[in-house]
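Open the model in your viewer and keep the sequence panel beside it. The stops below go from strands to core, then to rings and one loop residue.

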Amino acid sequence: MSRPTRRQVLYGSAAAVTGAVLAAPAAFAETATARPAAGRGDSAGHGHSAGHGPSGGHQMAEPFDEVYQGRHIEGWPADDGGHGGHHAGRAAGPHEGVDFVVRIDNDDLHVMRNADGTWISLVNHYETFTTPRALARAAVRELQGADLVPVVTG
């Protein structure tokens with residue numbers, strides 16, 4: 001019995017990955033219709049999606065501004081600079097290309113939205129959260145009083 005060559009294994013792996021990538025949109029379309037419409041944030045800050053399901057749809061999260069465990073956390077949609085609230089004018093400049101702005105004690109926390117609608121941050125990169133508020137609260141707990149160090153890009 002002959003052993004497969006490295007090239008044959010790589011081609012086979014590439015074919016399997018391609019098949020999985022092409023099948024994924026159909027699988028996600030079926031699960032998206034089965035998701036409940038509710039599921040926005042939680043008041044306790046335990047927004048982990050593992051075992052609890054992602055938030056319904058891909059609606060933009062609600063703005064928030066509060067003190068949590070002695071830290072000032074706030075968040076708002078980045079394209080909401082002209083909404084007339086107390087964040088008016090903040091969305092320009094460093095937040096361009098960002099869906100949602102989250103700050104801890106006036107320092108930006110880099111957040112990212114996953115394809116399933118959950119959120120991750122640089123502080124909690126391997127945990128997903130249903131809302132940016134839950135993500136900010138988890139980051140405060142993880143920081144344990146330490147300052148948030150800004151991300152320098154470019």
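Two strands count as paired if DSSP finds at least two bridges between them. The model is a predicted one, and that rule is what the first selections rest on.

**Stop 1: the first hairpin.** Select residues 64-68, strand E1, together with E2; 5 bridges join the two, and they run antiparallel. Strand E2 covers residues 71-77. Two cross-strand partners can be picked out here: Asp-65 has Glu-74 in E2 as its bridge partner, and Val-67 has His-72 in E2. Now move to the turn. The hairpin has 2 residues between its strands, and Gln-69 takes a positive phi near 50°. Colour E2 by accessibility: 6 of its 7 residues are buried, so the strand is mostly covered by the cut-off of under 20% relative accessible area.

**Stop 2: across to E3.** Add residues 100-104, strand E3, which is joined to E2 by 5 bridges and runs antiparallel to it. Ile-73 stands opposite Ile-104 in E3. Glu-74, already seen as the partner of Asp-65, has Arg-103 as its bridge partner in E3.

How many residues of E3 are buried? The count is 5 of its 5 residues. Side chains in a regular strand alternate between the two faces of the sheet. Turn E3 to look at each side: Phe-100, Val-102 and Ile-104 are on one, Val-101 and Arg-103 are on the other, and all are buried, leaving both faces covered.

**Stop 3: the second hairpin.** Extend the selection to E4. E3 and E4 pair in the antiparallel sense over 3 bridges. One of the pairs to label is Val-102 with Leu-109, its bridge partner in E4. The hairpin of E3 and E4 has 2 residues between the strands, and in the turn Asp-105 has a positive phi of about 50°.

**Stop 4: the whole sheet.** Show the 4 strands together: they form an open sheet in the order E1-E2-E3-E4, with antiparallel pairing. Which strands are at the edges? They are E1 and E4 (107-109), each of which pairs on one side only. From one strand to the next the twist averages 25°. Next select residues 132-143, helix H2, which packs on the sheet and touches E1, E2, E3 and E4. The direction of H2 makes about 25° with that of E1.

**Stop 5: the core.** In soluble globular proteins, nonpolar side chains tend to be buried together. The largest nonpolar core in this model has 19 residues; Ile-73, Val-102, Ile-104 and Leu-109 have the most contacts inside it. The elements giving two or more residues to this core are E1, E3 and H2. H2 gives the most, with 7 residues.

Centre the view on Leu-109. Leaving out residues up to four places away in sequence, Leu-109 touches Val-102, Arg-103, Ile-104, Ser-121, Val-123, Leu-135, Ala-139 and Leu-148.

**Stop 6: the rings.** The structure holds 2 aromatic pairs. Select Phe-64 and Phe-100: their ring centres are 6.4 Å apart and their planes are at 20°, so the pair is stacked. Phe-64 lies in strand E1 and Phe-100 in strand E3, so the pair ties together parts that are 36 residues apart in sequence. Both Phe-64 and Phe-100 are buried. Add Trp-119 to the selection; ring pairs link Phe-64, Phe-100 and Trp-119 into a cluster.

**Stop 7: a loop residue.** Select Asn-124, found in the loop between strand E6 (119-121) and H2. Is Asn-124 buried or exposed? Its relative accessibility is 4%, so Asn-124 counts as buried.

Show the side chain of Asn-124 and look for its polar neighbours. It makes a polar contact with the side chain of Glu-127, at 3.1 Å. The backbone nitrogen of Ala-139 lies 3.5 Å from a polar atom of the Asn-124 side chain. Not counting residues up to four places away in sequence, Asn-124 touches Phe-129, Leu-135, Ala-138, Ala-139 and Glu-142. Ala-139 and Leu-135 were also among the residues that Leu-109 touches.

Methods: Residues numbered from 1 in each chain as written. Predicted model: local features only at pLDDT ≥ 70, side-chain atom pairs only at ≥ 80, totals over all residues. Heavy atoms only, no water. Buried < 20%, exposed > 50% of the residue type's maximum accessible area, 1.4 Å probe, protein only. Axes fitted to C-alpha atoms, helices over the stretch in contact; angles between N-to-C directions. Contact = heavy atoms within 4.5 Å. Core = buried A, V, L, I, M, F, W, Y, C linked by side-chain atoms within 4.5 Å. Phe/Tyr/Trp six-rings, centres within 6.5 Å; stacked < 30°, edge-to-face > 60°. Polar contact = N/O pair within 3.5 Å; in protein donor to acceptor, adjacent residues only side chain to side chain.
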